[in-house]
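Biologist: Please take a close look at a single part of this model, the contact between two of its helices. Set it in the context of the whole chain as well.

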Amino acid sequence: MREVMVRLLFVVLLSFVSVPTVTKAQDSIPPMTEDTETAGASSLDDDPLVADELAAYEEMMASKERSEGFYKALKRKFIEGNVGFMSLVALALILGLAFCIERIIYLTLAEVDSRRLMEDIDAKVSEGDIEGAKQLARDTRGPVASVCYQGLLRIHEDIDSIDRSMSSYGQVQLSNLEKGCSWITLFIAIAPSLGFLGTVIGMVMAFDQIQEAGDINPTIVAEGMKVALITTIFGIIVALILQVFYNYILNKIEALTTQMEDSSITLLDSIVKYKRAGK
């Protein structure tokens, strides 16, 4: 019993000693006030690293909202402009771009360093290695090498025959270069025509709505005209896009045609020298 009383007395004394200590420790911690929170936020804002990260994050979110907004706006306008006609305009764009891409790839592969090719062919012809010149022209891709090969095949004929043969074969190569361009021009003409057709039909539908309403309401007229003109806008945009690609293709064809003509003249000069040398 005595031991129990001693233990209880020891616990009570220990509690009185520890309570002030804890109280003092708690009193030493300053309370969180609004000023403290404001100071902490301002210290984060003053940090340049945190400020840069926040600015980058805000810019990323803003750009994401803009991109989503443009996509949604384009989708909404597409639906407003009568899905049937807008689908035809989109189909014209897809098919026109397909022909443009095919022509660009073909013309890019047809391009060679014509100056270097003619220097190598001229060197072989000057040495009398006609078979080597033919092999070089045969192994090189593109219309320039093909025209030169046709001229080398008739090297033992007169110059006029060689010239006519190269000119005729050059026309064949030019037709191959321009293959598919007529389809591109067709889609360039079709796209705005489909847009105008959709506009006319949209205006007829707007007048029908006015007739059903029995009154010329500006809201009805404005809504119908807006929907009608959307197809024309998209048709013109498609035609402009295809026209840019078409002009680029024409420039590449013109460059290849010039290379064929220059190479033909250079090869004829080499053949004339070869014949005069009597090799």
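Modeller: What follows starts with the whole protein, turns to the helix pair, and ends with two single residues.

The model is predicted. Its secondary structure amounts to 10 helices and zero strands, which reads along the sequence as α-α-α-α-α-α-α-α-α-α. The protein has 279 residues, of which 29% count as buried. It exposes about 18500 Å², and carbon and sulfur atoms supply 63% of that area. Among contacts with a separation of 6 or more, 79% come from residues 24 or more positions apart.

The part in question is the pairing of helix 5 (residues 114-126) with helix 7 (residues 143-153). Their axes lie 11 Å apart, and the packing angle is about 20°. An angle under 35 degrees counts as roughly parallel, and helix 5 and helix 7 are therefore roughly parallel to each other. The crossing of helix 5 and helix 7 is right-handed.

On the helix 5 side, the contact is made by Ser 114, Leu 117, Met 118, Ile 121 and Val 125. Facing them in helix 7 are Val 144, Ala 145, Cys 148 and Leu 152. Sorted by class, this contact contains eight nonpolar residues, one polar residue and no charged residues. The spacing of such positions can be read against a general rule: an α-helix has 3.6 residues a turn, so residues three or four places apart point the same way.

Helix 7 is largely enclosed by the rest of the structure, because nine of its 11 residues are buried. Those buried residues are Pro 143, Val 144, Ala 145, Val 147, Cys 148, Tyr 149, Gln 150, Gly 151 and Leu 152. Val 144, Ala 145, Cys 148 and Leu 152 are thus named both among the buried residues and in the contact with helix 5.

Two residues elsewhere add to the picture. Lys 252 is placed in helix 10 (residues 218-277). Its relative accessibility is 9%, so Lys 252 counts as buried. Leaving aside residues up to four places away in sequence, Lys 252 touches Ile 104, Leu 107, Thr 108 and Glu 111.

Ser 87 belongs to helix 4 (residues 83-110). With a relative accessibility of 32%, Ser 87 counts as partly exposed. Ser 87 and Thr 231 are separated by 144 residues in sequence, while their C-alpha atoms are 10.0 Å apart in space.

Technical notes. Residues are numbered from 1 along each chain as its sequence is written. This is a predicted model: local features need pLDDT of at least 70, side-chain atom pairs count only at pLDDT 80 or more; totals for chains, interfaces and linings use all residues. Side-chain values use heavy atoms; hydrogens and water are left out. Axes are lines fitted to C-alpha atoms, for helices over the stretch in contact, and angles run from 0 to 180 degrees between N-to-C directions. Helices (H or I, at least four residues) and strands (E, at least two) are DSSP runs, numbered from the N terminus. Angles under 35 degrees count as roughly parallel, over 145 as roughly antiparallel, 65 to 115 as roughly perpendicular and the rest as oblique. A crossing is left-handed if the near helix is turned anticlockwise from the far one by less than a right angle, and right-handed if clockwise. Contact means heavy atoms within 4.5 Å. Ala, Val, Leu, Ile, Met, Phe, Trp, Tyr, Cys and Pro count as nonpolar, Asp, Glu, Lys and Arg as charged, and the others, Gly among them, as polar. Buried means under 20% relative accessible area, exposed over 50%, partly exposed in between (1.4 Å probe, protein chains only). Accessible areas come from the Shrake-Rupley method with a 1.4 Å probe; for residues, only the protein chains shown count as cover.
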